[in-house]
Amino acid sequence: GLVTDAVDTLFACFIAGFDSAKRNRVQLYTLRTRVHQVYPNWPHLRAFIHETMKYSLQSGSVAFTDAKRAVQEVAQRFGQWQDSECQDMKGALMKLEDRG
């Protein structure tokens, strides 16, 4: 839906280091559909975002305030999610170091 696409776009901009306000619709769409090329873990992050939103948005229709609350919830939980991603990477790097 539109809200999901907007939130995906917002987080794709965050991951890419882009200011979404300075991009046009085509640039934002392109980023949202190609962010996985520069951030291979995007499908996992996207699943995390959607799961958190589903938990936050319990009604069928979404008002702006509901979407805002869901984005805030995702942003609050993002640090924990990103930490687990870093720990996974650290573990993989430690295994490489042990081999070499």
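## Exercises on a predicted helical model

Thr52 touches Glu73, Val74 and Arg77, leaving aside residues up to four places away in sequence. Keep in mind that you're working with a predicted model.

**Exercise 1.** Find Thr52 and work out where it sits: is it buried or exposed?

*Solution.*
- Start with the element: Thr52 is part of helix 3.
- Next, take its relative accessibility, which is 4%.
- The cut-off for buried is under 20% relative accessible area, so Thr52 counts as buried.
- Finally, add its neighbours back in: Glu73, Val74 and Arg77 are the ones it touches once you skip residues up to four places away.

**Exercise 2.** Now do the same for Tyr55: is it buried or exposed?

*Solution.*
- Tyr55 lies in helix 3.
- Its relative accessibility comes to 52%.
- Exposed means over 50%, so Tyr55 counts as exposed.
- For a bit of extra geometry, look across to Ala70: it is 15 residues from Tyr55 along the chain, and their C-alpha atoms are separated by 8.5 Å.

**Exercise 3.** Describe helix 1: how many residues does it have, and which of them are buried?

*Solution.*
- Helix 1 covers residues 2-16, giving 15 residues.
- From first C-alpha to last, helix 1 reaches 21 Å, close to the 21 Å expected at 1.5 Å a residue.
- Its buried residues are Val7, Asp8, Thr9, Phe11, Ala12 and Cys13.
- What covers them? Helix 2 (25-38), helix 3 (42-56) and helix 4 (64-99) are included in the cover.
- Just past the end of helix 1, check Gly17: it takes a positive phi of about 80°.

**Exercise 4.** Compare the settings of Cys13 and Cys86, then say how many disulfides the structure holds.

*Solution.*
- Cys13 has a relative accessible area of 1%, so it is buried.
- Cys86 has 45% relative accessibility, so it counts as partly exposed.
- As for disulfides, the structure holds zero.

**Exercise 5.** Take a look at the largest pocket: which helix gives the largest share of its lining?

*Solution.*
- First, the space: the largest pocket holds about 340 Å³.
- Then the lining: there are 18 residues, with Leu2, Val3, Asp5, Ala6 and Val7 nearest the centre.
- Helix 1, helix 2 and helix 4 each supply at least two lining residues.
- The largest share is seven residues, and it comes from helix 1.
- Sorted by character, the lining has 12 nonpolar, two polar and four charged residues.
- Val7 turns up twice in your answers: it is among the buried residues of helix 1 and among the lining residues nearest the pocket's centre.

Conventions:
Residues numbered from 1 in each chain as written. Predicted model: local features only at pLDDT ≥ 70, side-chain atom pairs only at ≥ 80, totals over all residues. Heavy atoms only, no water. Helix = DSSP H or I, 4+ residues; strand = E, 2+ residues; numbered from the N terminus. Expected span 1.5 Å × (residues − 1). Buried < 20%, exposed > 50% of the residue type's maximum accessible area, 1.4 Å probe, protein only. Contact = heavy atoms within 4.5 Å. 1 Å grid on protein atoms, 1.4 Å probe; cavity = no way out; pocket = protein on both sides within 12 Å on 5 of 7 lines; lining within 4 Å. Points joined across faces, edges and corners; volume = space filled by probe spheres on them. Nonpolar A, V, L, I, M, F, W, Y, C, P; charged D, E, K, R; others polar. Disulfide = S-S within 2.5 Å.
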